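Dear colleague,

I am handing over the structure we spoke about, and I would be grateful if you could keep it open while you read the notes that follow it.

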Amino acid sequence: MAANSAVPAKMKAWVYREHGDVATVLRLDSELEVPEVQEGQVLVKVLAAALNPVDTKRVNGVVQLPGSALPAVPGYDLAGIVVKVGREVKDLKVGDQVYGFMLNAKKDGTLAEYAAGEEAFLALKPKKLSFEEAASLPAVFHTAYGGLERAGLSRGKSVLVLGGAGGVGTITIQLAKEVFGASRVAATSSTGKLDLLKSLGADLAIDYTKVNFEDLPEKFDVVYDTVGQSARAVKAVKPEGSVVEIVELDKELPPPAFSFRATSDRWTLEKVKPLLESGKVKPVIDPKSPFSFAQVIEAFSYLQTRRATGKVVIHPVP
């Protein structure tokens with residue numbers, strides 16, 4: 001049961017009813033039922049959403065999560081306003097501005113006017129951030145923070161971020177410096193994005209079109225691989241170091257690489273909130289964003305080029 005609130009019975013949402021190419025199977029449905037809110041959940045009026053590579057893989061059928069079913073709405077990242085709360089919800093209330101990584105979105109994702117999710121996955125939106133900026137952050141925050149934590153990055157250690165200009169990479173650089181206290185941060189990108197890496201805090205920006213990072217004499221305590229190059233990454237790590245792999249999740253990895261899948265909780269978002277409010281950590285949104293809700297197919301196509309800088313964001317959502 002949920003607290004009473006004026007919410008329509010139907011909504012607009014992007015839906016796929018079979019697996020396949022995004023442009024072929026993803027369709028805008030103007031009459032989809034608004035999700036039911038369970039006792040520990042809240043219903044959010046989505047004002048902005050963001051895309052992640054896993055969204056494409058789910059539509060394609062490459063990734064099929066336990067408990068997932070068709071038809072389904074893709075999307076994990078959102079920012080919006082709480083419009084309904086379940087009876088067991090303790091902290092959030094109707095009217096709260098929130099953002100989060102809706103990890104329970106196996107069927108009812110965030111590319112919709114409304115999304116239901118666990119209270120534990122949502123945090124109050126930092127006041128300094130727009131809804132568009134806030135929506136760009138949850139998945140990459142959880143992925144970057146959790147991976148660095150598991151790798152044991154700590155004050156005085158060094159880290160190399162492969163794919164430093166991508167959604168996860170741009171946040172990993174910043175968290176390595178501002179949260180984990182890394183003494184040296186290196187990152188790779190193409191030529192045109194080297195200045196961005198430096199502006200985010202990278203001490204060494206490596207042009208992967210000209211330099212093979214694994215051939216550099218300098219080695220690192222942690223290598224964070226966002227591009228799926230674990231075989232090369234292990235050649236750049238110090239003895240006793242760690243390699244975080246977030247792309248090659250289902251293959252046997254060369255030691256000391258380990259695969260990392262993000263989880264979702266409010267507390268990680270709360271930990272970094274002061275850094276967002278102060279501007280020490282900044283969202284990075286691709287210059288082609290935001291894509292409108294009607295342009296979701298175009299947004300997916302752009303994401304699949306793997307040329308996006310930072311996150312691809314959908315805003316406004318009707």
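Glu119 and Arg266 are both buried, and in this model, which is a predicted one, their side chains meet in a salt bridge with 3.5 Å from N to O. Glu119 lies in the loop between β6 (114–118) and β7 (122–124) while Arg266 lies in helix α8, so the pair ties together parts that are 147 residues apart in sequence. Arg266 also meets the side chain of Asp91 in a salt bridge, here with 3.0 Å from N to O, and this second pair again links distant parts of the chain, since Asp91 belongs to the loop between β4 (77–85) and β5 (97–101), 175 residues apart from Arg266 in helix α8 (residues 266–278). Through these shared partners, Asp91, Glu119 and Arg266 are joined into one network of salt bridges. The surroundings of the two ends of the Arg266–Asp91 pair can be told apart by their accessibility: Arg266 has a relative accessible area of 10% and is therefore buried, whereas Asp91, at 52%, counts as exposed. As a general point, side chains of opposite charge can pair when their charged atoms come close.

A search of the whole structure finds 13 salt bridges, and one of them is formed by Asp29 with Arg17, the closest N and O atoms being 3.0 Å apart. Asp29 sits in strand β2 (residues 26–33) and Arg17 in the loop between β1 (10–16) and α1 (22–25), so this pair ties together parts that are 12 residues apart in sequence. Asp29 counts as buried because its relative accessibility is 17%, which falls under the 20% limit, while Arg17, at 48%, counts as partly exposed.

Helix α8, which carries Arg266, also packs against another helix. The axes of α4 (residues 138–151) and α8 come within 10 Å and cross at roughly 105°, which makes α4 roughly perpendicular to α8. On the side of α4 the contact is made by Pro138, Phe141, His142, Tyr145 and Glu149, and on the side of α8 by Thr268, Leu269, Lys271, Val272 and Leu276. Helix α4 also lies across the strands β8, β11, β12 (237–245) and β13, running at about 145° to β11.

Those strands belong to an open sheet of 6 strands, in the order β10-β9-β8-β11-β12-β13, with parallel pairing. At its edges stand β10 (204–207) and β13 (257–259), each with a single partner strand, so one side of each is left without a neighbour in the sheet. Neighbouring strands of the sheet are turned by 20° against each other on average, when direction is ignored. Next to the β10 edge, β9 and β10 pair in the parallel sense over 4 bridges, and Ser189 stands opposite Asp207 in β10.

How many of the residues of strand β8 (residues 158–162) are buried? The count is 5 of the 5, so the strand is largely enclosed by the rest of the structure. In a regular strand the side chains alternate between the two faces of the sheet, and both faces of β8 are covered, with Ser158, Leu160 and Leu162 buried on one side and Val159 and Val161 buried on the other. In the sheet, β8 runs parallel to β9, to which it is joined by 4 bridges, and Val159 has Val185 of β9 as its bridge partner. Between these two strands the chain crosses from β8 through α5 to β9, and this β-α-β crossover is right-handed. A further 4 bridges join β8 to the parallel strand β11 (residues 220–225), where Tyr224 is the bridge partner of Val161.

The last residue I would point out is Phe180, which lies in the loop between α5 (167–178) and β9 (184–189). Phe180 is buried, its relative accessible area being 10%, and, leaving aside residues up to four places away in sequence, Phe180 touches Tyr145, Leu148, Glu149, Leu153, Ser154, Arg155 and Leu175. The C-alpha atoms of Phe180 and Gly152 are separated by 9.2 Å, although these two residues are 28 residues apart along the chain.

With best regards

How values were computed:
Residues are numbered from 1 along each chain as its sequence is written. This is a predicted model: local features need pLDDT of at least 70, side-chain atom pairs count only at pLDDT 80 or more; totals for chains, interfaces and linings use all residues. Side-chain values use heavy atoms; hydrogens and water are left out. Buried means under 20% relative accessible area, exposed over 50%, partly exposed in between (1.4 Å probe, protein chains only). Contact means heavy atoms within 4.5 Å. Two strands pair if DSSP finds at least two bridges between them. A crossover is right-handed if, with the strands pointing away from the viewer, the path from the first strand over the helix to the second runs clockwise. A salt bridge is a side-chain nitrogen of Lys or Arg within 4 Å of a carboxyl oxygen of Asp or Glu. Axes are lines fitted to C-alpha atoms, for helices over the stretch in contact, and angles run from 0 to 180 degrees between N-to-C directions. Angles under 35 degrees count as roughly parallel, over 145 as roughly antiparallel, 65 to 115 as roughly perpendicular and the rest as oblique.
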